[in-house]
Every structure is written in structure tokens, then in C-alpha cells.
Amino acid sequence: MKLVSDSFQNNTPIPGKYAFAVKDERARVRLSENRNPHFAWADLPAGAKSLALICHDPDVPSKPDDVNKEGVTIPADLPRVQFCHWVLVDLKPDAAAINEGEFSNGVIAGGKKGPDGPRGTRQGINDYTGWFASDPKMKGDYFGYDGPCPPWNDSLVHHYIFTLYALDCEKFPVQGNFTGLDALKAIKGHLVGSVLLTGLYSLNPAVKVR
């Protein structure tokens, strides 16, 4: 299997227009264009009847205590957890490439609608749902793609791993609203192949993103 993007290459920085937020000299960060990247695939395995695309960040601080606090730097050795940014299922194997901005174009307070998505797809709830749960202005169910927004005081570069799964079922075996964890559980027993593409991002001016 092959997964490529016109938006960024494997293990290179993700441009700011695909992020939830970008650097700002005065306010540290500001909301960005939040457009989904372009993706195309090839050489799918025999038996692939549908595709699923999941993006996760494995570098999220396990403790939020020092996130985005002045005068504090989140150490690299702090244990990390995963944060899901996109769950897309029921994509047809012979479908055209995913266009830039086709599934997400802008930050929407309270989240985009779902689970029904473009082209007969379905989109799961990403982890901004939990992150904004206590924010009256932003809380809601965040369906589909919402891009990078790592802590601006994190010493680590964050990795955004887009994994394309080829499945032996035409309809992804989940019902109603579902999360990235629900999707990963449902993939078991139906997987015929997978491939990943990783992008890098940081909002910390002191951190170099190679």
C-alpha cells in the first residue's frame, strides 16, 4: 500500500494551514485555517472493500497541569498519551483522492456535524470533544478532522500519524457516534493492509521542527 500527500511529505513539518492553531507573537497562538490535508493512495491489497483513515498524535502530555503556562516548559521525559484528530470510515477504495479542505475548512466552535460525511463516508468524534468539554464557548461533539494544536510550551515536536487501513468489509462495523478507540477495536478481524504517513508540528518557538 502507498499513502501520499501533496500537503506534506513523510516525516516533514505540516504547514500551518492544516493546523488548528499557529504561532502568534503577541498571543502565543491563534486559530488557523484548519484545513484537512490532501491524501491519495495506491497499490491496495486484494480484498480491500473499504478504507478507513485515522490521525493520532502520540506525544500529548499525560498531565495537563503545565500545559500552556507562562514560565514553564513541559519536559520531554513526561509520559505521553494519544490524542485522536480524525476518524474517517466507509471510504471506497476506488474513490478519488481526498482534496485539501474537502472534509474540514476552518475551526467551528462546538465541532463540525457528524457522523455523516462527504461521499457517503462517516466520521468519528475526535479528542477535542473531551479537551473542550469544560469550555462553555467551545464544548460540543467534534466530528471529523481538527488539526494540530500542541502546547506552545512543550519541548517535544509532536508527530501526527495518518494511518490508512484497508478492510475486507464495505461498511465499517460501528454504529452511531464513535471514537478513534471504537474504530481501532472494530478494525480487528477486518484488516487486510495498512500504511502510514507522519507529519511534524510544534507551536513552541524554541523548538526546531526538522
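This note sets out numbered points on the sheet, the cores, a buried loop residue and the pockets of a predicted model.

1. Sheet order. Six strands form an open sheet in the order β2-β10-β9-β6-β7-β8, and the pairing within this sheet is mixed. The edges are β2 (12-13) and β8 (122-123), each of which pairs on one side only.

2. Strand β9 and its partners. On one side, β9 runs antiparallel to β6, and seven bridges join the two strands. In this pairing, H56 faces I161 of β9 across the strands, the two residues standing opposite each other. With β10, β9 again pairs in the antiparallel sense, here over ten bridges. Within that pair, H159 stands opposite L200 in β10. As for solvent exposure, β9 is mostly covered, with nine of its ten residues buried.

3. The edge at β8. Strands β7 and β8 are antiparallel and are joined by two bridges. V89 stands opposite R122 of β8. V89 is also listed among the residues of a core of 14 residues, which is taken up in point 5.

4. Largest nonpolar core. This core comprises 28 residues, and F39, L53, W86, I98 and F162 have the most contacts inside it. Two or more residues each are supplied by β3 (21-24), β6 (50-61), β7 (80-91), β9 (158-167) and β10 (191-201). The largest share, four residues, comes from β9. The surroundings of F39 illustrate how the core is connected: leaving aside residues up to four places away in sequence, F39 touches L3, V4, S5, F8, L53, W86, A97, I98, F162 and L197.

5. Another core. Apart from the core of point 4 lies another, of 14 residues, including V89, Y165, L167 and V174.

6. A buried proline in a loop. P37 is located in the loop between β4 (28-31) and β5 (40-42). Is this residue buried or exposed? P37 has a relative accessible area of 0% and is therefore buried, since that value is under the 20% cut-off. The contacts of P37, not counting residues up to four places away in sequence, are S5, S7, F8, Y18, I98, N99, E100, Y145 and F162. One of these, S7, is 30 residues from P37 along the chain, yet their C-alpha atoms are separated by 5.6 Å. I98 and F162 are also touched by F39.

7. Largest pocket. The largest pocket holds about 410 Å³ of space. It is lined by 23 residues, of which V67, F83, W131, C149 and P151 are the closest to its centre. At least two lining residues come from each of β6, β7, α1 (128-131) and β9. By class, the lining contains 17 nonpolar, four polar and two charged residues.

8. Second largest pocket. What is the volume of the second largest pocket? Its volume is about 170 Å³. The lining consists of I54, H56, Q82, F83, C84, D127, T163, Y165, T179, G180, L181 and L184. Strands β6, β7 and β9 and helix α2 (180-187) each supply at least two of these residues. The lining divides into six nonpolar, five polar and one charged.

9. Residues that recur. F83 lines the second largest pocket and is listed among the residues closest to the centre of the largest pocket. Y165 belongs to the core of 14 residues and also lines the second largest pocket. H56, which stands opposite I161 in β9, is likewise part of the lining of the second largest pocket.

Note on methods: Residues numbered from 1 in each chain as written. Predicted model: local features only at pLDDT ≥ 70, side-chain atom pairs only at ≥ 80, totals over all residues. Heavy atoms only, no water. Core = buried A, V, L, I, M, F, W, Y, C linked by side-chain atoms within 4.5 Å. Buried < 20%, exposed > 50% of the residue type's maximum accessible area, 1.4 Å probe, protein only. Contact = heavy atoms within 4.5 Å. 1 Å grid on protein atoms, 1.4 Å probe; cavity = no way out; pocket = protein on both sides within 12 Å on 5 of 7 lines; lining within 4 Å. Points joined across faces, edges and corners; volume = space filled by probe spheres on them. Nonpolar A, V, L, I, M, F, W, Y, C, P; charged D, E, K, R; others polar. Pairing = 2+ DSSP bridges.
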